[in-house]
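Reader: I should like to learn how to read surface patches, pockets and salt bridges in a model such as this one. Could we take them one at a time, beginning with the general idea in each case?

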Amino acid sequence: MLSAFARAFRTPDLRRKLLFTIGMMVLFRVGSFLPTPGVSYPNVQACIAQTADNDLLGLVNLFSGGALLQLSVFALGIMPYITASIIVQLLRVVIPKFEELHKEGQSGTAKLTQYTRYLTIGLAILQSTTIITFARSGNLFQGCTLEVIPDDTPLTLLIMVITMTAGTGLIMWFGELITERGVGNGMSLLIFTSIAASFPGALWSIAGGNNGAGKFVAVLAIVVLIIGLVVFVEQSQRRIPVQYAKRMVGRRMYGGSSTYIPIKINMAGVIPVIFASSLLAVPTLIAQFGDATAGWVQWISVNVADPAAPLHIGIYIVLIIFFCFFYTAITFNPDEVADNMKKYGGFIPGIRAGRPTAEYLDYVITRITTPGSIYLALVALIPMIAFIVLGVGANIPFGGASILIVVGVGLETVKQIESQLQQRHYEGFLR
């Protein structure tokens with residue numbers, strides 16, 4: 001693998017792409033430490049040291065590489081773009097115009113991408129306003145009495161909103177530049193960078209605690225085990241054979257080839273985990289605005305907000321399984337695939353073209369998604385439960401979502417480098 005890295009850097013154009021990608025990732029991390037104008041950086045650092053992470057903002061803080069709780073220029077991270085992309089994908093089911101644009105090809109995809117950018121900026125304005133409100137009210141750092149925003153005049157707050165929104169726009173531009181001129185998917189690599197950046201600090205905190213060496217080894221063993229499971233399942237796929245009939249076009253004969261439709265066990269990726277975590281945060285958000293002594297607020301804190309609560313774990317599993325089926329049904333349309341196969345003369349051996357093919361694909365997808373959703377729930381829960389038992393906390397950045405993203409992006413990036421090395425007749429990473 002190291003020799004393959006050396007060969008990649010000896011290839012001039014691939015070396016330029018790799019260095020450009022690394023440079024963009026470094027700029028992204030630098031922006032995560034630049035404080036937003038109007039924020040008292042020493043007070044923020046003191047509050048971070050005094051209080052634990054807010055469970056409600058834990059996922060956003062993880063995806064921003066810790067920049068959220070530091071109220072930096074890149075505090076929002078990549079989350080507004082992820083949310084906007086998901087919303088635009090879901091709107092394809094509701095708005096026929098979006099589905100038509102998706103079917104138009106490159107021009108339609110360009111318009112959908114533009115809509116995603118506009119929606120990202122809108123969500124960034126909304127989220128930055130919410131985070132600043134949380135910081136002013138003291139809910140961002142519960143238990144900390146220091147003022148993180150000493151000057152809360154309307155002009156200062158407006159500048160903060162504009163700065164955080166501009167930071168989100170800059171991150172989106174970084175991601176698109178990496179996709180265009182670098183290696184891999186830019187947005188995915190920025191998420192990878194944010195999550196991976198929090199690993200060393202988390203490992204150091206575990207090693208420095210009580211029985212640190214034993215817990216450190218146990219955490220590493222669990223993480224390696226989960227990574228092995230994720231790699232095995234993410235690389236697995238159900239290949240449905242497809243045969244194309246021969247046809248004459250003028251004096252030439254086309255078709256007659258055989259291929260397959262690759263169906264992954266986990267087609268939804270990490271999206272169901274993000275959806276489930278976001279929905280579980282809603283009751284906690286509502287409880288934030290209630291009286292702390294009220295019965296319903298205490299019930300939510302004990303049974304829903306606590307990651308170790310049996311009800312929290314049960315709802316989490318149900319939501320992951322539901323969203324796994326829901327998102328797979330949106331992203332993979334058996335009727336559309338069957339129509340495209342019929343249009344180009346393709347058929348599944350033993351299955352008639354048209355409606356029978358769509359029904360067969362739907363049957364296979366349902367059978368595949370069932371174990372895939374259970375696998376996703378297990379990957380999301382096993383690290384959390386194991387770390388609670390070990391006493392290292394449930395909010396450290398080695399959860400199921402983090403591992404899924406890091407391993408998935410790593411595998412995809414390695415495959416892209418591998419393909420470029422193979423084009424130049426070099427031996428790559430995967431043998």
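Author: Let us begin with patches, which are made of residues with over 30% relative accessible area and no salt bridge, nonpolar side chains being joined within 5 Å. Please keep in mind throughout that this is a predicted model.

Reader: Which residues form a nonpolar patch on the surface here?

Author: The patch consists of Phe9, Leu19, Ile22, Val26, Val30 and Leu34, which together have about 510 Å² of accessible area. Helix α2, spanning residues 12-31, gives the most to this patch, with four residues.

Reader: How should I class Leu19, as buried, partly exposed or exposed?

Author: The class of partly exposed lies between under 20% relative accessible area, which is buried, and over 50%, which is exposed. Leu19, which is found in helix α2, has 48% relative accessibility and therefore counts as partly exposed.

Reader: Turning to pockets, how much space lies in the second largest pocket, and which residues are the closest to its centre?

Author: The second largest pocket holds about 1,600 Å³ of space. Its lining is made up of 47 residues, of which Gln89, Asn185, Ser188, Ile271 and Tyr327 are the closest to the centre. Helix α17 (residues 400-423) provides the largest share of that lining, with nine residues, and by character the lining residues divide into 20 nonpolar, 19 polar and eight charged.

Reader: And how many salt bridges does the structure hold?

Author: A salt bridge is counted where a side-chain nitrogen of Lys or Arg is within 4 Å of a carboxyl oxygen of Asp or Glu, and the structure holds five. One of them pairs Arg117 with Glu176, whose closest N and O atoms are 2.8 Å apart. This pair links distant parts of the chain, since Arg117 is in helix α7 (residues 106-137) and Glu176 is in helix α8 (residues 154-181), 59 residues apart. Arg117 is partly exposed at 28% relative accessibility, and Glu176 is partly exposed at 23%.

Reader: What joins Asp335, Arg355 and Glu359 into one network?

Author: Asp335 and Arg355 meet through their side chains in a salt bridge, at 3.0 Å from N to O. That pair also links distant parts of the chain, with Asp335 in helix α15 (residues 334-343) and Arg355 in helix α16 (residues 355-390), 20 residues apart. Arg355 also meets Glu359 in a salt bridge, at 3.6 Å from N to O; these two residues are separated by about one helical turn because they are four residues apart in helix α16. Salt bridges that share partners thus join Asp335, Arg355 and Glu359 into one network.

Definitions and conventions:
Residues numbered from 1 in each chain as written. Predicted model: local features only at pLDDT ≥ 70, side-chain atom pairs only at ≥ 80, totals over all residues. Heavy atoms only, no water. Patch = residues over 30% accessible without salt bridge, like charges linked within 9 Å, V, L, I, M, F, W, Y side chains within 5 Å. Areas by Shrake-Rupley, 256 points an atom, 1.4 Å probe, with all protein chains shown as cover. Buried < 20%, exposed > 50% of the residue type's maximum accessible area, 1.4 Å probe, protein only. 1 Å grid on protein atoms, 1.4 Å probe; cavity = no way out; pocket = protein on both sides within 12 Å on 5 of 7 lines; lining within 4 Å. Points joined across faces, edges and corners; volume = space filled by probe spheres on them. Nonpolar A, V, L, I, M, F, W, Y, C, P; charged D, E, K, R; others polar.
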